[in-house]
Amino acid sequence: MAASKTQGAVARMQEDRDGSCSTVGGVGYGEEQENYFLLCDVLPEDRILREELQKQRLREILEQQQQERNDTNFHGVCMFCNEEFLGNRSVILNHMAREHAFNIGLPDNIVNCNEFLCTLQKKLDNLQCLYCEKTFRDKNTLKDHMRKKQHRKINPKNREYDRFYVINYLELGKSWEEVQLEDDRELLDHQEDDWSDWEEHPASAVCLFCEKQAETIEKLYVHMEDAHEFDLLKIKSELGLNFYQQVKLVNFIRRQVHQCRCYGCHVKFKSKADLRTHMEETKHTSLLPDRKTWDQLEYYFPTYENDTLLCTLSDSESDLTAQEQNENVPIISEDTSKLYALKQSSILNQLLL
């Protein structure tokens, strides 16, 4: 229907200009002549029609998105742990982002969510990586690949996913990449340098033991101390932890809680709620294991991607005691004259393991 209207507009315009319709292609003797009309959005009539169709499509997409945002009858299954979710679609999307570090975007930016999740699930059922889109021989190999290569994300170059994001419907003929690459300098030149209405929205940090989020790290520390009797600042001071040791301790606790295991008594529970109840009743939140248990190289790597709590840890000179500030720690370089022996005894071999 849209094509026929456009063809009619182009035909009328060309007839007005030169009194005849332009044709493309030739015809043989005795054959009926066929006319072909070239469509181009440079032509005013064609451009207007395309813009109207795009606006209509945008209205339909926004209505569909609003309907999905308000829908409380959503039912879905996590692609990674097969846990079922009922209610709003945001529940399963936030679960996969928090528990499995699989983030496909904010729920409010996604449309046709059911179709999107079905498309991703079909790829996993076909043993295909969602990011590099390679196919593997079995499900375990695929899981190991996506975990080790950090491929728990979708391929941004795959145009198949464009229809599931509202940004791709905003402007005629522009994808999300073109919108992001637009130069904003012309817009800035016409605006006054008034930043009085600027409101900063800090990233929220998540509690180590529950799903409580706080806008500031100070509020999060207060929550963990009041609700879970866990004082991270006190532990840091008493154990004399530097920045990297704090990172390993936080990642260790995240890992244990994620696996529903109490790090105080090493008992594993069926759910995080059961674990939290146990640790609060037995006061095991403050019962940390020996340093050698959590001060390991493997805990340099975060359990959850973009863990805001890790970004707030500090190792400033004001955190050190006076004795530590005045203490001169000598640094002895490795002897490079015997390279073979160095390769065998270097501490870097532990990182490779």
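Right where helix H3 begins, a side-chain oxygen of Asn88 comes to within 2.9 Å of the backbone nitrogen of Ser90. That's a handy place to step into this structure, which is a predicted model. The chain has 16 helices and four strands, and this briefing starts with H3 before turning to the salt bridges.

**The chain as a whole**

- Of the 353 residues in the chain, 32% are buried.
- Take the contacts with a separation of 6 or more: 48% of them are between residues 24 or more positions apart.
- The chain's accessible surface is about 24500 Å², and carbon and sulfur atoms account for 49% of that.

**Helix H3, end to end**

- H3 is made of twelve residues, 89-100, and at 1.5 Å a residue it should span 16 Å. Its end C-alpha atoms are indeed 16 Å apart, so the expected span and the model agree.
- Just after H3 comes Ala101, and its phi is positive, near 55 degrees.

**The buried side of H3**

- Seven names to look for here: Arg89, Ile92, Leu93, His95, Met96, Glu99 and His100 are buried in H3. They cover an arc of only 155 degrees around the axis, so they sit on the same side of H3.
- Several elements help cover those buried residues. Among them are two strands, E1 (74-77) and E2 (84-87).
- Helices do some of the covering as well, including H2 (44-70), H4 (113-125), H10 (243-258) and H11 (272-282).

**A closer look at Leu93**

- Leu93 has its place in helix H3, and it counts as buried because its relative accessibility is 5%, under the 20% cut-off.
- Leaving aside residues up to four places away in sequence, Leu93 touches Ile104, Pro107, Ile110, Cys113 and Leu117.
- Leu117 is 24 residues from Leu93 along the chain, and the C-alpha atoms of the two are separated by 9.6 Å.

**Salt bridges within a helix**

- The structure holds 14 salt bridges, and a few of them are picked out here.
- In one of them, the side chains of Glu60 and Arg57 meet, with 3.7 Å from N to O. Both residues lie in helix H2, three residues apart, or about one turn of the helix.
- Glu60 is partly exposed, at 39% relative accessibility. Arg57 is partly exposed too, with a relative accessible area of 39%.
- Another salt bridge joins Arg147 and Asp144, whose closest N and O atoms are 3.6 Å apart. These two are three residues apart in helix H5 (residues 139-148), so about one helical turn separates them.
- Asp144 counts as partly exposed, at 35% relative accessibility.

**A salt bridge between loops**

- The side chains of Lys283 and Glu229 also meet in a salt bridge, at 3.0 Å from N to O. This pair links distant parts of the chain, 54 residues apart.
- Lys283 is in the loop between H11 and helix H12 (291-294), while Glu229 is in the loop between helix H8 (217-228) and helix H9 (232-239).
- With a relative accessible area of 43%, Lys283 is partly exposed. Glu229 counts as partly exposed as well, at 44% relative accessibility.

**A network of charged residues**

- Which residues are linked in a network of salt bridges? They are Arg98, Glu99, Glu211 and Lys272.
- One of these, Glu99, is also on the list of buried residues in H3.

Key: Residues are numbered from 1 along each chain as its sequence is written. This is a predicted model: local features need pLDDT of at least 70, side-chain atom pairs count only at pLDDT 80 or more; totals for chains, interfaces and linings use all residues. Side-chain values use heavy atoms; hydrogens and water are left out. Buried means under 20% relative accessible area, exposed over 50%, partly exposed in between (1.4 Å probe, protein chains only). Contact means heavy atoms within 4.5 Å. Accessible areas come from the Shrake-Rupley method with a 1.4 Å probe; for residues, only the protein chains shown count as cover. The expected span of a helix is 1.5 Å times one less than its number of residues. The arc is that of the directions from the helix axis to the C-beta atoms. A polar contact is a pair of N or O atoms within 3.5 Å; within protein, one must be able to donate a hydrogen and the other to accept it, and residues adjacent in sequence count only if both atoms are side-chain atoms. A salt bridge is a side-chain nitrogen of Lys or Arg within 4 Å of a carboxyl oxygen of Asp or Glu.
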